[in-house]
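Student: I am new to this structure. Can we go through the terms and check each one against its value?

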Amino acid sequence: MNTFRNRPLTFMFLVSGLLLIGSASTTLSAAEVQHAVFLRVYQQPYDWQMPWNRKPVRRQTGLALVTPNQRLLATAELVAEHSLVEVYRPGDRYPSQATVLRTDDALNLALLEVGNRAFWSGLKFPGWGKAQKGEVQVATAKAPDRWEQQAGTLDELKVGYRLRTETWLPVLQVQGVKDSGPAGAPVLQENRLIGLALKQSDKTWSVLHATHLQQFLAHPPTNPNSALAHRGFLWTRVPQPSVTDHAGIPADAVGIWITRALSFGTGSQVLRPGDLLTHIGVWSLNADGQIEHPVWGSVLFDALFLEELTLGASVDLRIWREGREQTITATVRPFESNQTLVSSEPSGAAPRYLVQGGLLFQELSLNYLRSWGDEWSKRAPLRIRLYKALEHTALENPSQRIVLLTHVLPDAINLGYQDLSHEVVEQINGLEISGLEAVQAAFRQPSGEYHVIQLRPGADRRQLILPARDLESANQRIQETFRIPQLQYLARRS
C-alpha cells in the first residue's frame, strides 16, 4: 500500500496536535466575537488494562463553533472521555454546562448542546463560505476573556492520514499564523466560515473543510456510520513493469495498483486485488494516485470525496482487469469503524469486559492496543499485534471479534494461572468464541462439573479448567477483593 511507502507523495500527518507560527495578531474585545465560544473540558480516560477503572482527571481547553441551529461544533478529541464540559461565551466569568450529543471519530467532530437558552444571546453563526487560496482570519483564545484575531494564508489542500481511526482526510493547509492555537478554532475567509482548526504538531494549521462540517451536521443521528465518504481499498504504485506485463496491461496504461478491497467504503464491492485503477469518474489518476484539481492542483484522489463524490451517489471506475479495459460502477460509501477485525471503539466509549473466576476477558481493539502508548505497534505483545495484519479480513458478521484473556486476578480458584496475559481465546465449554457475548453464553453451559477454556496455539497453556460449583462464590470474593463495581460491561457499540 502506498500510504506508508511513499510518504513524500502522500504528505502523511497525524491529525492530532497543532502548532502555529507567523505574523502579528490583534487583540479582540469579547463583544467582537460572536461565532465562537471557549471550552474547558475535564477528561478522565478509561484504563483499558483494568477497564472498570479510570485514570486521573486532566483538563483540556479549546474552542467551539456556533452552528446555524444553536448548537456547538468542536473536535471529538477535545471532548473524548469527558466527565464535564464547561463552556464560556466570550467575556463570561462563569461557565455553562455543555452536553455532548454525538461524535464522529473519523471526521474528529463532536456536536454539543447547551440547555440554558440565555447562553445564546449575542452569539450567531457567520454563514458558510467557499474556501479558496488567500488570506484567512482566525479568532483564538487562551481564556474566556483573552481573544485575539490572527491572520494566515490558505495555500493548498492536502490529504492527511488520521492515525487514531486510520482514515484518509482532505484538509486545508494554513500558513503564517502567529502561534499555537486551540483545537476547534473556526477559520473564516471574508467573514464566512471555511473550516475548523485541528491541533497539529507542525508549523502549519491543518483545517477541516467546511464541506465536512456540513456533512456531519446533516448526518442522521440514527446512522451509526461516519459522515465521511471514504475509499474502500488499499493501493500502491505499480511495483514493476513485469507485474503489468503478466496481467496483460499495456505499458502506456497509467493508474494505481489495487492491493486489497476493504469490507467498507467506495469501490469495496467491485474492485479486486490486481486491478489497475485509471479513472474515478471523469478524473484520471497518475501513477502516484493524484488527480489534477481545478482549484488545488495536484492532490491525492481522496480529495474527490469532499465535494465531487457524495454519499449514496454512483461513480464509474475505469480499470484494467485480466488484460481487458472495462468500466465498473461503484456506490460512494462511508467509513465504517466496526467493519474491521480490530475495531476502533467510539470516542469516549467505556471498555467492554467480562470477569469470570478472576479471568478478565476483553475484545481486541485499537483502543486496547493504544494502551501501550503511541508506539504500541512495537510495544504491545507480538501475538496480538499480528492480528492487525488481518484487520481487513472479511467478517461473517459485524460483531465478530478476537477475544483476549488479558489478565488473571489472583484467587484460589485460578491457582497456577496467574502469569497468563494477552492470550487469544478459542473455545469455552466447546463453544467457538467470536465476541464477549459468546463468552457470556458459554459460561452458562459448563462441561459437566467444570468450565473448560481453550486458548489458541502459541499460548503458555492451551487449556484452563475452573470448577463450576465454586465459580459464583469466587466471583463474589474477587469482586470484593479487587473492588470491581461490576463483573461485566457489555453495552452494545453505537
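Student: Why is Ala 227 called buried?
Tutor: This is a predicted model, and Ala 227 has a relative accessible area of 3% in it. Buried means under 20%. The value falls under the cut-off, so Ala 227 is buried.

Student: What makes its place a loop, and between which elements does Ala 227 lie?
Tutor: Ala 227 lies between helix 4 (210-218) and strand 15 (233-236). Position 227 is in neither range, and the stretch between them is the loop.

Student: Which residues are in contact with Ala 227, neighbours within four places in sequence aside?
Tutor: They are Asp 104, Leu 107, Gln 215, Phe 216, His 219 and Leu 311. Take Gln 215, which is twelve residues away along the chain. Its C-alpha atom is separated from that of Ala 227 by 6.1 Å. Contact is judged on heavy atoms within 4.5 Å, so a C-alpha separation of 6.1 Å does not rule it out.

Student: How do you know whether Trp 52 is buried or exposed?
Tutor: Its relative accessible area is 13%. Buried needs a value under 20%, so Trp 52 is buried. Trp 52 is found in the loop between strand 2 (36-43) and strand 3 (58-66).

Student: Which residues does Trp 52 touch, beyond four places in sequence?
Tutor: Its contacts include Tyr 353, Val 355, Leu 360 and Leu 409. Phe 482, Arg 483, Ile 484 and Pro 485 are also among them.

Student: How far is Trp 52 from Ala 227 in space?
Tutor: They are 31 Å apart, C-alpha to C-alpha. In sequence, 175 residues separate Trp 52 and Ala 227.

Student: Arg 483 was one of those contacts. Why is Arg 483 called exposed?
Tutor: Its relative accessible area is 74%. Exposed means over 50%, so Arg 483 is exposed. Arg 483 is found in the loop between helix 11 (471-481) and strand 30 (488-489).

Student: What makes the phi of Arg 483 worth a remark?
Tutor: Phi is near 55° there, a positive value in a residue other than glycine. Most residues other than glycine have a negative phi.

Student: Where else is there a positive phi of about 55°?
Tutor: At His 422, which is not a glycine either. His 422 is found in the loop between strand 25 (403-408) and strand 26 (423-428). Its relative accessible area is 9%. That is under 20%, so His 422 is buried.

Student: Why is Ala 64 called buried?
Tutor: Its relative accessible area is 0%. The cut-off is under 20%, so Ala 64 is buried. Ala 64 lies in strand 3. Its contacts beyond four places in sequence include His 35, Leu 39, Leu 72 and Gly 184.

Student: And how do you know that Leu 466 is buried?
Tutor: Relative accessibility is 0% at Leu 466. Under 20% counts as buried, so Leu 466 qualifies. Leu 466 lies in strand 29 (residues 463-467). Its contacts beyond four places in sequence include Gln 356, Ile 413, Tyr 450 and Leu 471.

Student: What makes a set of residues a nonpolar core?
Tutor: Its members are buried nonpolar residues, joined through side-chain atoms within 4.5 Å. The largest such core has 52 residues. Those with the most contacts inside it are Trp 147, Trp 205, Leu 277, Ile 280 and Phe 301. Strand 10 (residues 146-162) gives the most to this core, with five residues. Another core, of 32 residues, lies apart from it. Val 408, Leu 409, Leu 455 and Ile 478 are among its residues.

Student: How many cavities of 30 Å³ or more are there?
Tutor: Two, in a search of the whole structure. The largest has a volume of about 80 Å³. Its lining has three nonpolar, two polar and three charged residues. Glu 345, Arg 352 and Glu 363 are among the lining residues. Asp, Glu, Lys and Arg count as charged, so Glu 345, Arg 352 and Glu 363 belong to that class.

Student: What lines the second largest cavity?
Tutor: Its lining includes Phe 233, Thr 266, Gly 267 and Leu 317. By class, it has six nonpolar, two polar and no charged residues. Gly counts as polar, so Gly 267 is placed in that class.

Student: Where is the predictor's confidence low?
Tutor: pLDDT stays under 50 over residues 1-23. Where pLDDT is low, the predicted coordinates should not be read in detail. For the chain, the mean pLDDT is 89, and 91% of its residues reach 70 or more.

Technical notes. Residues are numbered from 1 along each chain as its sequence is written. Side-chain values use heavy atoms; hydrogens and water are left out. Helices (H or I, at least four residues) and strands (E, at least two) are DSSP runs, numbered from the N terminus. Buried means under 20% relative accessible area, exposed over 50%, partly exposed in between (1.4 Å probe, protein chains only). pLDDT is the predictor's confidence in each residue, from 0 to 100. On a 1 Å grid over the protein atoms alone, a cavity is a set of points where a 1.4 Å probe fits but cannot get out, and a pocket is an open set with protein on both sides within 12 Å along at least five of seven lines; lining residues have an atom within 4 Å of a point. Grid points are joined across faces, edges and corners, and a volume is the space filled by probe spheres set on the points.
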